Amino acid sequence: MIAIDIEKKLKAYRGQQVLKIDRQFPLGSITKIYGPSGTGKTTFLKAIAGLVQPEKGKIQFGDTVWLNTETRISLSPQKRKVGFVFQDYALFPNMTVLEHLQYASPNDSWIARLLRVGKLETFTDHKPEYLSGGQQQRLAILRALAIKPKLLLMDEPFSALDPEMRTTLIKELRAVWNEQGTTVMIVSHNPQELDGFTNQELYIES
């Protein structure tokens, strides 16, 4: 179980708001996270990953406390070992597709499988500038998966994919996640694209 009970101040055009989440997520679940723009969905993912610090709260993954503001526990992002798919992809411009995955994993057979999942086998020597938006997005997903994270956080991960590619990729990803026992949280501005794919929901509103 992942137990999250946090409060984080947000800067918004309507003045300061506070993101408050008190929720538990079963291990191995796939949760879609949605709601109006500016309500803190991306901030929520970053707080879980340790990329931003809540003013108050606790985060516990299984038996391990990742954050407890009262006792001043805050594990670094490296120690949380979370896979994160950023909305802007955050790819390295000077690395090829293969180098991105090798940077995250030394396992050649695992990398080969990920390339098949993302349909990028023929683009291994391409750098991001020579990839389409959809290919870049798939690479960002594969890189996050390469470390075999127990928790995968995804921020608008399918926005650049056409419906056919999205359907195919989701099917492949589900197989990998089931095999690895991965817990997944996905932020989407179009939650309908995740219908029938997720088994948990979290609506974040102001």
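A residue counts as buried when its relative accessible area is under 20%, and as exposed when that value is over 50%. Keep this cut-off in mind as we walk through the structure, which is a predicted model.

**A strand with two faces**

Let us start with strand E4, because its side chains alternate and the word "buried" just defined applies to one of its faces. Gly57, Ile59 and Phe61 point to one face and are buried, while Lys56, Lys58 and Gln60 point to the other and are not.

Which strands pair with E4? Strand E1 (residues 2–10) is joined to E4 by 6 bridges, and the two run antiparallel. Strand E5 (residues 64–68) also pairs with E4 (residues 56–61) in the antiparallel sense, here over 4 bridges. Gln60 has a partner in each of these neighbours: Ala3 is matched with Gln60 of E4, and Gln60 is matched with Val65 of E5. Another residue of E4, Lys58, has Asn68 as its bridge partner in E5. Between E4 and E5 the hairpin has 2 residues, and in this hairpin Gly62 takes a positive phi near 60°.

These strands belong to an open sheet of 5 strands, in the order E2-E1-E4-E5-E6, with antiparallel pairing. At its edges are strand E2 (17–25) and strand E6 (73–74), each of which pairs on one side only. Strands of a sheet pair through backbone hydrogen bonds, either parallel or antiparallel.

**An enclosed strand with parallel partners**

Now turn to strand E3 (residues 30–34). Why is E3 described as largely enclosed by the rest of the structure? The reason is that 4 of its 5 residues are buried. E3 runs parallel to strand E9 (residues 183–187), with 4 bridges joining them. Strand E10 (residues 200–203) also pairs with E3 in the parallel sense, over 4 bridges. Thr31 takes part in both pairings: Met185 stands opposite Thr31 in E9, and Gln200 is the bridge partner of Thr31 in E10.

Here are the strand pairs in one place:

| Strand pair | Direction | Bridges |
|---|---|---|
| E1 and E4 | antiparallel | 6 bridges |
| E4 and E5 | antiparallel | 4 bridges |
| E3 and E9 | parallel | 4 bridges |
| E3 and E10 | parallel | 4 bridges |

**One residue in a helix**

Helices deserve a visit too. Gln136 is found in helix H5 (residues 133–146). Is Gln136 buried or exposed? Its relative accessible area is 19%, and the cut-off is under 20%, so Gln136 counts as buried. Leaving aside neighbours within four places in sequence, Gln136 is in contact with Tyr89, Leu91, Pro128 and Leu131. Thr182 is 46 residues from Gln136 along the chain, and the C-alpha atoms of the two are separated by 22 Å.

**The whole protein**

Finally, step back to see the whole. The protein has 6 helices and 10 strands. Its radius of gyration is 17 Å, close to the 17 Å that the globule rule gives for 206 residues, so the protein is as compact as a globular protein of that length. Taken along the principal axes, its C-alpha atoms fill a box of roughly 50 × 35 × 35 Å.

Of the 206 residues, 46% count as buried. The protein exposes about 10500 Å², and carbon and sulfur atoms supply 47% of that area. Among contacts between residues at least 6 apart in sequence, 70% join residues at least 24 apart. As for charge, the protein has 26 positive and 22 negative charges, and their mean positions are 5 Å apart.

Methods. Residues numbered from 1 in each chain as written. Predicted model: local features only at pLDDT ≥ 70, side-chain atom pairs only at ≥ 80, totals over all residues. Heavy atoms only, no water. Buried < 20%, exposed > 50% of the residue type's maximum accessible area, 1.4 Å probe, protein only. Pairing = 2+ DSSP bridges. Rg over C-alpha atoms; globule rule 2.2 N^0.38 Å. Contact = heavy atoms within 4.5 Å. Areas by Shrake-Rupley, 256 points an atom, 1.4 Å probe, with all protein chains shown as cover. Lys, Arg positive; Asp, Glu negative; His and termini not counted. Charge placed at Lys NZ, Arg CZ, Asp CG, Glu CD.
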